[in-house]
Amino acid sequence: MENKAAVSRLAALAQDTRLSIFRLLITAGPEGMAVGRIGEALGVAPATLSFHLKELAHAQLVSARQESRFIFYSANYAAMNELLGFLTENCCAGSACEVEDELASCAGKCN
């Protein structure tokens, strides 16, 4: 991952509403959530929600799919893992880390 892509993703998450949306979508799993449900869960107005989802999509942290008349958003786990890998690639000066693998605790559900 290049610095520019990492900065874009981190900037997208560096806002309270967008971080809340992303965390909600991580919790929702690969099937994601309908836009209306996201708004209800977080108490975000539709126009504001649309803006924040666009920013997250531009950073490739979420993806959208249409089913019938509903738009569903889901977290891009590959992009999240790529960012986490980028942030920790030089962890512990190249030595084996004593930190437990947090992603392994998802038991394969986070793909």
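**Helix packing and core of the predicted model**

Arg18 is found in helix H2. The structure is a predicted model, in which local features need pLDDT of at least 70 and side-chain atom pairs count only at pLDDT 80 or more, while totals for chains, interfaces and linings use all residues. Residues are numbered from 1 along each chain as its sequence is written, and side-chain values use heavy atoms, with hydrogens and water left out.

First, the overall layout. The chain has five helices and three strands, and from the N terminus on they come in the order α-α-β-α-α-β-β-α. Helices (H or I, at least four residues) and strands (E, at least two) are DSSP runs, numbered from the N terminus. The chain is 111 residues long, and 31% of those residues count as buried. Here buried means under 20% relative accessible area, exposed means over 50%, and partly exposed is in between (1.4 Å probe, protein chains only). Among contacts in the chain with a separation of 6 or more, 61% come from residues 24 or more positions apart; a contact means heavy atoms within 4.5 Å.

Back to Arg18, then. With a relative accessibility of 11%, Arg18 counts as buried. Leaving aside residues up to four places away in sequence, Arg18 touches Ala11, Ala12, Phe51, His52, Glu55 and Leu56. One of these partners, Phe51, sits 33 residues from Arg18 in sequence, yet the two are 9.5 Å apart in space, C-alpha to C-alpha. Another partner, His52, is in helix H4. His52 has a relative accessible area of 7%, so it is buried too. Apart from residues up to four places away in sequence, His52 touches Gln15, Thr17, Arg18 and Ile21.

Arg18 and His52 both belong to the contact between H2 and H4. These helices pack at an angle of about 70 degrees, with their axes 10 Å apart. Axes are lines fitted to C-alpha atoms, for helices over the stretch in contact, and angles run from 0 to 180 degrees between N-to-C directions. H2 and H4 are therefore roughly perpendicular to each other. Angles of 65 to 115 degrees count as roughly perpendicular, under 35 as roughly parallel, over 145 as roughly antiparallel and the rest as oblique. On the H2 side the contact is made by Thr17, Arg18, Ile21 and Phe22, and on the H4 side by Leu49, Phe51, His52, Leu53, Glu55 and Leu56. Sorted by type, these residues are six nonpolar, two polar and two charged. Ala, Val, Leu, Ile, Met, Phe, Trp, Tyr, Cys and Pro count as nonpolar, Asp, Glu, Lys and Arg as charged, and the others, Gly among them, as polar.

H2 also holds Ser20, in a helix that spans residues 16-28. Ser20 has a relative accessible area of 28%, so it is partly exposed. Ser20 and Leu42 are 22 residues apart in sequence but 7.7 Å apart in space, C-alpha to C-alpha.

A second helix pair is H1 (residues 3-13) and H5 (residues 77-88), whose axes come within 11 Å and cross at roughly 110 degrees. That makes H1 roughly perpendicular to H5. Their crossing is left-handed, a label used if the near helix is turned anticlockwise from the far one by less than a right angle (right-handed if clockwise). H1 brings Asn3, Ala6, Arg9, Leu10 and Leu13 to the contact, and H5 brings Ala79, Glu82, Leu83, Phe86 and Leu87. Seven of these residues are nonpolar, one is polar and two are charged.

Now for the core. In soluble globular proteins, nonpolar side chains tend to be buried together. A nonpolar core is a set of buried Ala, Val, Leu, Ile, Met, Phe, Trp, Tyr and Cys residues joined through side-chain atoms within 4.5 Å. The largest one here has 23 residues, and Ile21, Phe22, Leu25, Ile38, Leu56 and Leu61 touch the most other members. H1, H2, H4, E3 and H5 each give two or more residues to this core, and H2 gives the most, with five. Leaving out residues up to four places away in sequence, Leu61 touches Arg9, Ala12, Leu13, Phe22, Leu56, Ser74, Ala75, Asn76 and Ala79.

Finally, two loop residues. Gln60, in the loop between helix H4 (46-58) and strand E2 (62-67), has a positive phi of about 65 degrees although it is not a glycine. Gln60 has a relative accessible area of 47%, so it is partly exposed. Ser68 lies in the loop between E2 and strand E3 (70-75). Ser68 is not a glycine either, yet has a positive phi of about 60 degrees, and at 68% relative accessibility Ser68 counts as exposed.
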